[in-house]
Amino acid sequence: MSAADTTLPPDWVDDERMNFLFSEFKENRDVNTTDWDSKMDFWTALIIKSCRQRRSVCVNLQELNKTFRRKEKAPLGLSTVIQSMARCGKIQRESEFAANVDCGWLSWSVGLLLVKPLKWTFSTLLGSSRVPLEESFVAIELVKEKAAELLRLYRSSEFSSCSIVSFQELCTLSSDICADEGTLCMALLQLQRDKQVIVSLHEGEKIVKFCQPGQERVATVSDVDIGIYQLQRSEKLLEERVQKLSLEADRCKEEARSLLREGKKSKALRCLRGRKRVEKRVDNLFAKLETIRGILDRIAQSQTDKMVIQAYQAGVAALRLSLKDVTVERAESLVDQIQELCDTQDEVNQTISSGVVSADEDMDELEEELKALLDESKPDSISGLPAVPTNSLRSSGEPIISLPAVPQSRLTVTTEQLEAELNNLTLSDTGNQQRKVSPPERTLEPAQ
């Protein structure tokens with residue numbers, strides 16, 4: 001893959017910037033930590049991005065030099081970048097990555113992955129020696145992403161109902177997400193490290209068993225798993241044969257029809273006899289296919305029954321544990337105690353209520369006595385005046401005297417006016433003296 005096939009950063013067209021990035025790293029980072037870290041971050045991010053675009057998880061120095069060539073020049077500091085990424089744990093050699101998984105993998109993956117001798121350690125990588133051009137490294141971040149993507153792809157595919165899948169079928173299934181078989185193997189190595197798959201050999205064929213939904217880790221490959229896998233393989237082969245023979249029977253029928261049109265009756269009859277033989281074989285194979293399907297259905301049903309029985313057992317164990325200290329006698333004793341406490345509470349409430357009623361009666365007696373004392377001390381009349389009527393004047397039948405409105409403003413009255421008004425009052429009818437009302441006092445001001 002060349003630089004043209006990789007999405008490059010905007011700095012790639014800046015000659016001054018790229019001359020700096022293509023230059024060798026200083027031997028001592030402390031000379032200029034800013035420039036060192038800037039260059040290291042640039043190449044680290046670009047390497048990871050390039051691998052992701054290629055749908056690969058592995059990288060080597062020789063491939064990087066070809067990918068990032070610019071104006072016939074290769075970056076001089078990629079070896080230092082590889083060493084730094086390995087030191088930080090961002091990448092790991094294929095050999096060490098494979099060695100960290102069960103040795104059963106190496107029986108079929110060594111030749112495929114072209115790993116170097118496993119005794120070669122990081123001491124040579126992190127020391128003064130340079131990185132070999134063909135040494136392959138695994139990007140840890142990318143292989144984890146690829147493993148998760150592969151697991152999701154399997155669970156959403158037609159193979160999700162099969163716990164075991166052949167390696168070749170898995171290669172075909174993952175062709176859109178894995179660039180090659182090496183990438184697929186690395187993803188499977190990561191899944192086996194995470195206890196999500198187990199890879200083994202069966203009659204010289206590589207098979208992969210996946211962890212099923214609801215399980216935390218994949219179980220080992222058992223005889224039952226192998227038996228189910230063989231039945232599923234037989235079912236698939238029989239389906240292919242039935243389909244092939246059905247096409248052959250149709251071909252014989254069409255050939256007989258064509259010969260009959262040409263007047264070759266004897267040849268047409270031979271073709272029809274051949275069609276009958278093929279159809280008979282198809283019927284026999286179809287009967288065997290139905291038998292295998294019936295067995296697989298029964299196995300699936302038995303697995304469901306087994307799961308239900310295990311759930312029942314877990315439920316019984318939990319119920320037995322929760323009822324460990326519970327007996328009928330203890331329950332009856334608790335009910336009797338509760339009833340006794342309720343009766344006691346009712347008696348206490350009744351006693352408290354009766355005490356409150358007695359206190360209220362005493363209070364009523366004291367209020368009656370106080371009222372009697374007030375009535376005795378109240379005088380019948382005050383200063384010989386008649387008692388003030390308490391009933392309404394309108395209810396007595398007597399008309400209510402309508403009095404003139406009280407003037408609110410100050411009056412200016414002359415002496416002659418006062419004398420005339422006095423004379424009018426003197427000449428008034430004496431029969432109305434009882435209703436005579438004295439005029440309100442007024443503030444008089446002398447006339448100016």
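Start by selecting Arg270, which lies in helix 12, residues 265-322. The model on screen is a predicted one. Arg270 is partly exposed, at 49% relative accessibility. Add Lys267, Arg273 and Arg277 to the selection: together with Arg270 they gather in a patch of positive charge on the surface.

Next, select Arg293, also in helix 12, and Glu239 in helix 11, residues 223-261. Their side chains meet in a salt bridge, with N and O 2.8 Å apart. The pair links distant parts of the chain, 54 residues apart. Arg293 is partly exposed at 26% relative accessibility, and Glu239 is partly exposed at 32%. Now add Glu235 and Glu290, which are linked with Glu239 and Arg293 in a network of salt bridges.

Move to Arg93, in strand 2 (residues 91-93). Arg93 is buried, at 0% relative accessibility. Show its salt-bridge partners. One of them is Glu96, with the closest N and O atoms 3.3 Å apart; Glu96 is buried as well, with a relative accessible area of 17%. Arg93 also forms a salt bridge with Glu135, at 3.8 Å between the closest N and O atoms. Glu135 sits in the loop between helix 7 (122-126) and strand 3 (136-139), 42 residues from Arg93. Glu135 is buried too. The count for the whole model is 19 salt bridges.

Finish with the cysteines. Select Cys51, which is buried with a relative accessible area of 1%. Why does Cys51 not bond to Cys58? The sulfur of Cys58 is the closest cysteine sulfur, but at 8.1 Å it is too far for a bond. The model has 0 disulfides. Cys88, in turn, is exposed, with a relative accessible area of 56%.

Key. Residues numbered from 1 in each chain as written. Predicted model: local features only at pLDDT ≥ 70, side-chain atom pairs only at ≥ 80, totals over all residues. Heavy atoms only, no water. Disulfide = S-S within 2.5 Å. Buried < 20%, exposed > 50% of the residue type's maximum accessible area, 1.4 Å probe, protein only. Patch = residues over 30% accessible without salt bridge, like charges linked within 9 Å, V, L, I, M, F, W, Y side chains within 5 Å. Areas by Shrake-Rupley, 256 points an atom, 1.4 Å probe, with all protein chains shown as cover. Salt bridge = Lys/Arg side-chain N within 4 Å of Asp/Glu carboxyl O. Lys, Arg positive; Asp, Glu negative; His and termini not counted. Charge placed at Lys NZ, Arg CZ, Asp CG, Glu CD. Helix = DSSP H or I, 4+ residues; strand = E, 2+ residues; numbered from the N terminus.
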